[in-house]
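Subject: Structure for your review, with notes on the interior

Dear colleague,

I am passing on the structure below, and I would be glad if you could look through it alongside the notes that follow.

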Amino acid sequence: MKVKVINRSKHILPEYETPHAAGLDIRANIEAPIVLKPLERALIPTGLFIELPAGYEAQIRPRSGLAIKHGISLVNAPGTIDADYRGEIKVVIINLSNQSFAIADGERICQMVVSKHEQIEWEETEELGKTTRGAGGFGHTGTE
């Protein structure tokens, strides 16, 4: 699938790092390092603008390496970029560790996964179909 992109960053276009990767690595496009103190968050620009086809979304997800090594994640993970959005992709990063973390220009800060989706039409009713699970919610199947 082809996706139109405007790259106003100083960096190469996002790439898949392995042949079977689902996510493209997205880089920070900043003039100077941004230091995040513990529990601090920041909106990080990427310099990328995309045009997705109707029926698709781009999901912005944390990078597992940043999460496990430094406690860096995304506040709204996964974030969604809708097909009709034309603004710059910006990423809300949070430092969940107990140490400051510096984000450098060009650093791979998140992944973007493009996914097909459907839109629903509500059908109001007074009753839902029965299932074995029923209304069982959090923890209803036990801990083992």
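Rings of Phe, Tyr and Trp, with the six-membered ring taken for Trp, are counted as a pair if their centres lie within 6.5 Å. By this rule the count of aromatic pairs comes to zero. Please keep in mind throughout that this is a predicted model. One ring does take part in another kind of contact, since the charged end of Arg8 sits over the ring of Phe49, at 5.0 Å from its centre.

Turning to the nonpolar interior, the largest nonpolar core holds 25 residues, and those that touch the most other members are Ile44, Ile60, Ile93, Ile103, Ile109 and Met112. At least two residues of this core come from each of the strands E3, E5 (41-45), E6 (48-51), E7 (56-61), E8 (72-74), E10 (90-95), E11 (101-103) and E12 (108-116), with E12 giving the most, namely three residues. As general background, nonpolar side chains tend to be buried together in soluble globular proteins.

As for enclosed space, the count comes to one cavity of 30 Å³ or more, and the largest cavity has a volume of about 50 Å³. The residues that line the largest cavity are Ser9, His11, Ile12, Pro14, Asp25, Ile26, Arg27, Thr46 and Leu48, which divide by class into four nonpolar, three polar and two charged residues. Strand E3 (residues 24-27) gives the most to this lining, with three residues, and E3 is also among the strands that supply at least two residues of the largest nonpolar core.

With best regards

How values were computed:
Residues are numbered from 1 along each chain as its sequence is written. This is a predicted model: local features need pLDDT of at least 70, side-chain atom pairs count only at pLDDT 80 or more; totals for chains, interfaces and linings use all residues. Side-chain values use heavy atoms; hydrogens and water are left out. On a 1 Å grid over the protein atoms alone, a cavity is a set of points where a 1.4 Å probe fits but cannot get out, and a pocket is an open set with protein on both sides within 12 Å along at least five of seven lines; lining residues have an atom within 4 Å of a point. Grid points are joined across faces, edges and corners, and a volume is the space filled by probe spheres set on the points. Helices (H or I, at least four residues) and strands (E, at least two) are DSSP runs, numbered from the N terminus. Ala, Val, Leu, Ile, Met, Phe, Trp, Tyr, Cys and Pro count as nonpolar, Asp, Glu, Lys and Arg as charged, and the others, Gly among them, as polar. Rings of Phe, Tyr and Trp (its six-membered ring) pair if their centres lie within 6.5 Å; planes under 30 degrees apart count as stacked, over 60 as edge-to-face and the rest as tilted. A charge sits over a ring if NZ of Lys or CZ of Arg is within 6 Å of the ring centre and within 35 degrees of the ring normal. A nonpolar core is a set of buried Ala, Val, Leu, Ile, Met, Phe, Trp, Tyr and Cys residues joined through side-chain atoms within 4.5 Å. Buried means under 20% relative accessible area, exposed over 50%, partly exposed in between (1.4 Å probe, protein chains only).
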